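Me: I have a structure open here and have never looked at it before. Can you walk me through it?

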Amino acid sequence: MDSRKVELRTRFREEREFHHEAIDWDVCRWEHLIASEEFTSARVIASYISYGTEPDTHHINQEILARNKILVLPCTLPDKNLQWVQWDGSDNSLITNGNVREPQGTAFLGSIDLVIVPALHVDRSGNRLGQRGGSYDRALKNLNAYSIALVYAGELTSEEIPIELHDYKVNAVATPELLVRFTSQS
């Protein structure tokens with residue numbers, strides 16, 4: 001693994017602590033993301049339940065359900081790959097796996113139109129730095145879905161994210177204030 005990624009993760013996690021405290025989540029409701037063509041035209045959306053200092057996904061997930069779209073969330077398998085499971089919004093159907101809340105149920109086998117991805121930082125080429133483990137990189141590689149990473153303001157960076165062969169770019173990034181689409185993806 002690139003030692004620079006390890007250093008960046010440490011630095012970015014420390015910076016995120018500051019950003020998390022400064023956000024008023026009653027005001028930041030991701031309306032620009034929810035109003036986007038990618039969101040409104042999607043029938044099936046993969047999201048996640050945020051935890052800790054991650055940008056809050058609660059309102060996004062509630063909007064997916066309120067608009068009668070299919071919401072699928074990731075479950076981490078023993079090999080660290082992701083399996084998508086449909087979620088109805090009920091807290092009773094969630095289990096805790098480490099720090100993450102995941103839905104119980106069978107794997108969703110249909111096509112996913114949009115995937116909302118966690119990230120620590122995203123550079124201006126669409127490279128994302130995740131928490132470590134490559135689960136989302138492997139999932140994105142196997143999905144034919146438009147991908148949007150969620151980050152705080154300042155986490156869309158001109159600083160180049162180091163990439164490895166397994167890393168997979170996102171199509172766009174959303175901060176609480178804006179949505180930036182990238183022109184190409186590899």
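**Sheets, core and a loop**

Reply: This is a predicted model. One open sheet has 7 strands in the order β3-β2-β1-β6-β9-β11-β12, and the pairing is mixed.

Me: Which strands are at the edges of that one?

Reply: The edge strands are β3 (82–86) and β12 (179–181), and each of them pairs on one side only. Averaged over the sheet, neighbouring strands are turned by 25° against each other, direction ignored.

Me: Which helix packs on the sheet, and what does that helix touch?

Reply: Helix α4, residues 58–66, packs there and touches β1, β2, β6 and β9. The direction of α4 makes about 135° with that of β2.

Me: Ok, β6 next. Buried or exposed?

Reply: Strand β6 covers residues 114–118, and 5 of its 5 residues are buried. L114, I116 and P118 point one way, while V115 and V117 point the other way.

Me: How many bridges join β6 to β9?

Reply: There are 5 bridges between β6 and β9 (residues 146–150), and the two strands run parallel. As one pair, I116 has I148 in β9 as its bridge partner.

Me: And how many to β1?

Reply: β1, residues 44–46, is joined to β6 by 2 bridges, also in a parallel run. There, I45 is partnered with L114.

Me: What about β1 and β2, how many bridges there?

Reply: 3 bridges join β1 to β2 (residues 70–76), and these strands run parallel. A46 stands opposite V72 in β2.

Me: What actually holds paired strands together?

Reply: Strands of a sheet pair through backbone hydrogen bonds, in either a parallel or an antiparallel way.

Me: Switching to the core. Which residues touch the most other members?

Reply: The largest nonpolar core has 44 residues, and those touching the most other members are L33, I60, V72, W84, I112, V122 and L150.

Me: Take I60. What does I60 touch?

Reply: Leaving out residues up to four places away in sequence, I60 touches W30, L33, I34, F39, I116 and L150. I116 is one of the buried residues of β6.

Me: Different spot: where is S50?

Reply: S50 lies in the loop between β1 and α4.

Me: Why does S50 count as buried?

Reply: Because its relative accessible area is 18%, and buried means under 20%.

Me: What does S50 touch?

Reply: P55, D56 and T57, not counting residues up to four places away in sequence. The backbone oxygen of P55 is 3.5 Å from a polar atom of the S50 side chain. S50 and N99 are 49 residues apart in sequence, and their C-alpha atoms are 9.5 Å apart.

Me: Back to strands. What is the order in the sheet of 3?

Reply: That open sheet has the order β8-β7-β10, with mixed pairing. β8 (128–129) and β10 (156–157) are at the edges with a single partner strand each, so one side of each has no neighbour in the sheet.

Me: How many bridges pair β7 with β10?

Reply: β7, residues 121–123, pairs with β10 over 2 bridges in the parallel sense. The bridge partner of D123 in β10 is T157.

Me: Last one: which strands form a hairpin?

Reply: β4 and β5 do, with 2 residues between them. β4 (residues 94–97) and β5 (residues 100–103) pair in the antiparallel sense over 4 bridges, and N97 stands opposite V100 in β5. In the turn, G98 has a positive phi of about 70°.

Technical notes: Residues numbered from 1 in each chain as written. Predicted model: local features only at pLDDT ≥ 70, side-chain atom pairs only at ≥ 80, totals over all residues. Heavy atoms only, no water. Buried < 20%, exposed > 50% of the residue type's maximum accessible area, 1.4 Å probe, protein only. Pairing = 2+ DSSP bridges. Axes fitted to C-alpha atoms, helices over the stretch in contact; angles between N-to-C directions. Contact = heavy atoms within 4.5 Å. Core = buried A, V, L, I, M, F, W, Y, C linked by side-chain atoms within 4.5 Å. Polar contact = N/O pair within 3.5 Å; in protein donor to acceptor, adjacent residues only side chain to side chain.
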